[in-house]
Amino acid sequence: MSITATLRLLIAFAILVLLNYTLRPLLGWRTPMDFLIIALLLASVRVRPGVAALIGCAMGLAADSITPASFGWGALAMTAVGYSASWLKAVFFADNLLLNGLFFFLGKWVYELLFLIAARRLHGAEMVMQALVWSPLSAAATALAGIFLLVLLRPLLETSPA
């Protein structure tokens, strides 16, 4: 990856992290869109699996620092999602918005499921409701936001001709 492409990716990454900590709390939805997952997935498809896992771990630790009751579980889930996304990049590395939307949906839903299982804060019917209703709705909102942001940030994320 060239220096220009890396710089543009870092700018897009910073915009998404900024949106996560400014716009997301203002919306206050029950099914929030997760701009950190979008940033992680966009970065993961452009780097090797080990680097993607490190990015996911660092992002997860930063996100977990806000909620000390479940510190570490988000980092574990983001590490797994980042590594998997980088490993699967050959399958999803198309410039198709629907395919990218599916990629964002699955990434967010897998993150939520891993976090729910690892944190063990919910039990029984609450966990089933969260895993099968609220988590997919949040993943759908994240996928829609990801598609919108891909269209909006397309000039930053395009690869420049060699």
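The accessible surface of the chain amounts to about 9,000 Å², and 74% of this area belongs to carbon and sulfur atoms; accessible areas were computed with the Shrake-Rupley method and a 1.4 Å probe, and for residues only the protein chains shown count as cover. The model is a predicted one, in which local features need a pLDDT of at least 70 and side-chain atom pairs count only at pLDDT 80 or more, whereas totals for chains, interfaces and linings use all residues. Residues are numbered from 1 along each chain as its sequence is written, and side-chain values use heavy atoms, with hydrogens and water left out.

The secondary structure of the chain consists of 8 helices and 0 strands, where helices (H or I, at least four residues) and strands (E, at least two) are DSSP runs numbered from the N terminus. Along the sequence, this gives the pattern α-α-α-α-α-α-α-α. The radius of gyration of the chain is 15 Å, close to the 15 Å that the globule rule gives for 162 residues, so the chain is as compact as a globular protein of that length; the radius is taken over C-alpha atoms, and the rule is 2.2 Å times the number of residues to the power 0.38. Along the principal axes, the C-alpha atoms fill a box of roughly 55 × 30 × 25 Å.

Of the 162 residues, 41% count as buried, a term that means under 20% relative accessible area, while exposed means over 50% and partly exposed lies in between (1.4 Å probe, protein chains only). Among contacts (heavy atoms within 4.5 Å) between residues at least 6 apart in sequence, 67% join residues at least 24 apart.

Two salt bridges are present in the structure, a salt bridge being a side-chain nitrogen of Lys or Arg within 4 Å of a carboxyl oxygen of Asp or Glu. Side chains of opposite charge can pair when their charged atoms come close. K108 forms one such bridge with D34, with the closest N and O atoms 3.1 Å apart. This pair links distant parts of the chain, for K108 belongs to helix α6 (residues 97-119) and D34 to the loop between α1 (3-27) and α2, 74 residues apart. The side chain of K108 also meets that of E112 in a salt bridge, at 2.7 Å from N to O; because K108 and E112 are 4 residues apart in helix α6, they are separated by about one helical turn. D34, K108 and E112 are thus linked in a network of salt bridges. D34 is buried, as is K108, the latter at 1% relative accessibility, and E112 is buried with a relative accessible area of 16%.

The surroundings of K108 also include I37, which is placed in helix α2 (residues 35-44) and is buried, with a relative accessible area of 0%. Although I37 and K108 are 71 residues apart in sequence, their C-alpha atoms are 6.3 Å apart in space. Leaving aside neighbours within four places in sequence, I37 is in contact with M78, G107, K108 and Y111.

R48, in contrast to the buried I37, counts as exposed at 65% relative accessibility, and its place is in the loop between α2 and α3 (49-64). Apart from neighbours within four places in sequence, R48 is in contact with S86 and K89. R48 and L23 are 25 residues apart in sequence, and the distance between them in space is 30 Å, C-alpha to C-alpha.
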